[in-house]
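Got the viewer open? Keep the selection box handy, and we'll go from one stop to the next.

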Amino acid sequence: MWEEIVPLGYKGSYQRVRAYLHDRRTSPQSVTAGPPSPRSVAKWILRRPDTLTETEQLQLKAVRTYCSELDALTGHVRSFATMLTERQGERLPDWLDAVRQDDLPSLYTLAAGIDRDRDAVIAGLTLPWNSGVVEGHVNRIKMLKRQMFGRAGFQLLRKRVLLAG
């Protein structure tokens, strides 16, 4: 190593490099990796299981084994995702009961909010209709409004909205 770093500009002695390497080789080092970040764990839980790499799957499995709350949370999140993607709104009452049985305060507020408007949520999870087109138009109008802020009056904004649509 000393022969490789001298041409690169190293001015120290061979003995100094030897001592440095000896200390690095003999010092105790931690073999285990640090825990994953909360953001990484959240991404693994929220993504489809089949899109996770093998390493991510193993890390998530280790986290789920270590923490029973995250294991239960992962099950509830994936069950809800299945309801969303497969339009299985009739399973919502059972899902809410399962969430209430587990001691997961992070899901209590979600369950309470869904329960307040249960019929609408079941309809949204079951029926094929949605308000996506309307939301797209609202988003487009807001963008036009932001672009024109402070530049012209309502009449010009109205013309742009009507001509762009």
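Start by selecting H76 and everything touching it. Skip the neighbours within four places in sequence, and H76 is in contact with W95, A98, V99, D102, L104 and L107. One thing to keep in mind while you click around: this is a predicted model.

Now colour by secondary structure and see where that histidine sits. H76 belongs to helix α5, which covers residues 68–85. Buried or exposed, then, for H76? H76 counts as buried because its relative accessibility is 8%, and the cut-off for buried is under 20%.

**Zoom out**

Show the whole chain as a cartoon. You should find 10 helices and zero strands, so there is no hunting for sheets here, given that helices and strands are taken as DSSP runs. Reading along the sequence gives α-α-α-α-α-α-α-α-α-α.

Next, switch to the C-alpha trace and turn it around. Along its principal axes, the trace spans about 80 × 55 × 25 Å. What radius of gyration does the protein have, next to a compact globule of 165 residues? The protein has 28 Å, whereas such a globule would have one near 15 Å.

Put a surface on. The accessible surface comes to about 13100 Å², and carbon and sulfur atoms account for 57% of that. Buried residues, H76 among them, make up 18% of the 165 residues. If you have a contact map to hand, look at the pairs at least 6 apart in sequence: 39% of those contacts join residues at least 24 apart.

**Follow the charges**

Colour by charge. There are 25 positive and 18 negative charges, and their mean positions are 14 Å apart. Side chains of opposite charge can pair when their charged atoms come close. How many salt bridges does the count come to? It comes to five.

Select R64 and D71 for one of them. The closest N and O atoms of this salt bridge are 2.7 Å apart. R64 counts as partly exposed at 23% relative accessibility, and D71 is partly exposed too, with a relative accessible area of 33%.

Move on to R100 and D97. Their side chains meet in a salt bridge at 3.8 Å, N to O. Both residues lie in helix α6 (residues 92–101), three residues apart, which is about one turn of the helix. For R100 the relative accessibility is 37%, so R100 counts as partly exposed; D97 gets the label partly exposed at 39%.

Keep R100 selected and add D115. D115 forms a salt bridge with R100, and here the closest N and O atoms are 2.5 Å apart. Which parts does this pair tie together? D115 lies in helix α7 (residues 105–116) and R100 in helix α6, so the pair links parts that are 15 residues apart in sequence. D115 is partly exposed, with a relative accessible area of 30%.

For the last stop, add R118 to the selection. Salt bridges that share partners join D97, R100, D115 and R118 into one network. Show those four as sticks, with helix α6 carrying both R100 and D97 and helix α7 carrying D115.

Technical notes
Residues numbered from 1 in each chain as written. Predicted model: local features only at pLDDT ≥ 70, side-chain atom pairs only at ≥ 80, totals over all residues. Heavy atoms only, no water. Helix = DSSP H or I, 4+ residues; strand = E, 2+ residues; numbered from the N terminus. Rg over C-alpha atoms; globule rule 2.2 N^0.38 Å. Buried < 20%, exposed > 50% of the residue type's maximum accessible area, 1.4 Å probe, protein only. Contact = heavy atoms within 4.5 Å. Areas by Shrake-Rupley, 256 points an atom, 1.4 Å probe, with all protein chains shown as cover. Lys, Arg positive; Asp, Glu negative; His and termini not counted. Charge placed at Lys NZ, Arg CZ, Asp CG, Glu CD. Salt bridge = Lys/Arg side-chain N within 4 Å of Asp/Glu carboxyl O.
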